[in-house]
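Hi,

Here is the structure for you to open alongside this email. My notes follow below it.

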Amino acid sequence: MTDNPLVSIIVRTKDRPKLLRRALQSIAAQTYRPIEVVLVNDGGCELDSDSLRGILGDVSLNYIFLEKNTGRAHAGNVGIENARGSYVGFLDDDDELYPGHIETLVTFLEESDYRVAYTDTEMIFQEVKPGGEEMVDVGRTLFSKDFSYKDLLVGNYIPFNALLFYREVLSSAGSLDERFQLYEDWDLLIRIGEHHSFHHIGKITARYNQWSRDLQINRFDIEGMKGMYMQIIDKHREKITAEIIVNLVYDREKISDELKEKRIDLTAILEKKDGQISDLERAVRESDRWISDLESAVRKRDVQISHLEDTISTMRNTLGWQMLDGFRRMREKTFPGHTGRRKVFDLFMKSLKIIKNEGYEVFFKKSQAKIKTKFFSSKISSNISEIKGIRHFITPRRFKVLFLLSPWAGVTNRYRGYNMKEYVSQVGITSEIIGIEEIDARLSWALRFDIVVVHRVPMNNILDAFIKKCNELRIPVVFDLDDYIFDVSLLDRIDEIRRMNPSDRNKWVRHVRECGNTLDACDYFVGTTEYLADKVRKLGKKAFVIRNGLNETQVNESSRALREITRDPAVIKIGYFSGTKTHQKDFEVVSSALVRILEEYNNVMLSIGGFLELDHRFNAFSTRVERLPYVDWKELPFNIAKVDINMAPLEPDNPFCEAKSELKYFEAALLKIPTIASPTEAYKWAIRSGENGLLASTEEEWYRSLKVLIENLSLRKTLGEKAYEMVVKTYTPHVQAQNVLRIYEHIIMDYRGKTGISEESLSLSFLFSSFKKNNSFYKTLSVARHLAERGHFVRIYLDTRDSEEMREIKGLMLSDSPCDVHFSIDDILSCDALIAGNRESIASASGHIDICKKLFYVGDDRLYQFGAQSAPAALPRNDAEVELLEKYLRDELVARISQ
């Protein structure tokens, strides 16, 4: 619940439900809360109030329907009378507010003595597209002028939707004058301005749409509008002094002189254009000569090709060529294609190539992984099935996570494995990372984790057997993906795969199909975007979102890059960091807009980081295209910090691209660099367009977005700062840690429910590193038995190899209770509480702090909590008192855990 004052926005509407919907959406998108909408339907068509509330979300709606059309002024008065907010604003049903509008105005008014404030408004001129109802922007002008009461008396220059009033100001000024069908808002402002000065905030936060004549609500002709204008002037005639009239005359003369200067400048521009046309005509003639020269060069090249063919024919007759050709024939004869012998031969040649290019160490690592997964998978899966693991009783209060990664996942292992390990460590969760090829050597160890997160590992015999063993031992398995690579039908949508040879493409098809099999086998799914998670939910599997985020090294290196990298203020650099070779189609989205920008601005450079091929149109700007090499991720901030504008285009209407995460945005935002991105789900989630970045779909939108950032240094800085603030609050490790913990806890609780574990049941472990069979020992075992009988999961760990003791204790604990008894203290599983059964066991218990939420010690007929300040609970002496200890463990322990 916020302590912010309530803001009422009055919306007047009549017979324009489609436009009204967009206006209400702009209110719902406000960054400020709380807001109420007072919607006055001035005798228009019926509106579905439930649908309107659905649009507004957490913004409250006061819907008022007037049976007859009474006019704008009366509808406005009804709205004012029903407004409950401390502040009141207006919005016509065909206009819009940008997300920070209300927050900007309220923040200022709360911190100042002003009672009225307004922002800049852009007027957008629109027309209907030929042959349809769609509106297109055809022009733009800006309302941006400081307050002057003298100017207000003779001109309506403040759009009504740009203003925010204290409610008392409206009450004291009187209602809107219902005699006026137009300019009623101007009349009210004149009356208010007589007693209150307005403060102007020079920031565009509102949009005033000027429609075509037949769609505009005021259908007055020019003479009618002039007549209404004169009525306002006549009403306030006594306030218009001689000084104001003189100033008007002076301003008119000044404007006339400025127009004359503009005409002179226009003449000069036209003369310059004529010269440019002449230059273009000369360039065309030169191009014709250049084409003629090219045709001549082609003829010469044909002659050269003929000479080369003769040379090749000569080479074929040389001894070296004949020996090489003989080797090929021998290879085909000795190792025919598609045979086992040929596969061995090709493997040998491939190995030599790896050793030559990457060294022996890389060769041995790749060979080990390949051999284990391909040749010994059946043996490994057999080993897994024979492992005698301990069934888990997982708890959200303390658990251990195993991240299982694929050696083929590349850089995504950093985001989804190593970053995740860093996050969970910040909230006290133990985790480890291994590759799928290591499972055979570490089976028992791997099966002692409470959650297994499998990232991008395609299904094989090893993984299949391992997941089945996890199911048997009640260990939830989560499939984690950052790409839409479980649906084979999407592969044709990936440009790089479309251009692969059949062999490589078949490998991709197999890889994606196997990832789909992994998804089917796992209990849960975690993806990087809501789009990806929704696709999995439609397959009937529970899916969650953990967005990609930053690690501490990235944060520190970006901070250093901010301090060390300086940019030339005379040059504006636009950056695109592709990373891999799969982004050609993505870059095509923005390429035409970039060419226009480079043609228009000589001070703009294009910086390309990583792998990308530019088409021939960029050849003309070779001196202004900077190629940055693909660098290690720790060095990447120092490349990004060199640019002024970051781009993140993605191919439209491509499900694979739609599933991509927003990492290009937050990596640049950490350097306070604004990003223009395609409006995919992830980028729309991260970017509030116009607030902390820009979104662009079409070539024109990309061009305009680039243009406005190039020309407006202040906007670049503002968007960069806001993006930085958003990233710090959303993507940094300490924030990500809480998100990851919340998701994993949710998965654990859901899995407990699926496996029949009650929410109230605790996981309790009693530890005896050494013990004497005395009354105290048997009393503690009795407590454990009673707790197990009451629905808690109890394990007894005893360090003994004496067969007689083992039989006696099994008889005591297993005859009529569900306790688990283990005669080893080496491998203790995670639990809510670990209880040292005697003083001798305290040291051993303290060494297992990472696997339990709380530590206790039983001694002197009392239960002590390690580090607790409260008095210990007395141990029971009979069955009735056992319930007291159980209550202590259930209520007191849970209460302390939640602290």
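V728, K729 and T730 in α27 touch H734, V735, Q736 and N739 in α28. By type, the residues of this α27–α28 contact are two nonpolar, four polar and one charged. Keep in mind that the model is predicted.

Now the helices themselves. Helix α27 covers residues 713–730, and helix α28 covers residues 733–754. Their axes lie 6 Å apart, and the packing angle is about 45 degrees. Roughly parallel needs an angle under 35 degrees, and roughly perpendicular begins at 65. The two helices are therefore oblique to each other.

Next, the sheet. It is open and has six strands, with parallel pairing. The order is β11-β10-β12-β13-β14-β15. Which strands sit at the edges? They are β11 (430–435) and β15 (543–545), and each pairs on one side only. From one strand to the next, the twist averages 25 degrees.

Look at one pair within the sheet. Strand β12 spans residues 451–455, and strand β13 spans residues 477–481. Four bridges join β12 and β13 in the parallel sense. D480 in β13 has H455 opposite.

A helix also packs on this sheet: α14, residues 412–426. Helix α14 touches β10 (400–405), β11, β12, β13 and β14 (524–527). The direction of α14 makes about 170 degrees with that of β10.

Best wishes

Key
Residues numbered from 1 in each chain as written. Predicted model: local features only at pLDDT ≥ 70, side-chain atom pairs only at ≥ 80, totals over all residues. Heavy atoms only, no water. Pairing = 2+ DSSP bridges. Axes fitted to C-alpha atoms, helices over the stretch in contact; angles between N-to-C directions. Contact = heavy atoms within 4.5 Å. Parallel < 35°, antiparallel > 145°, perpendicular 65-115°, else oblique. Nonpolar A, V, L, I, M, F, W, Y, C, P; charged D, E, K, R; others polar.
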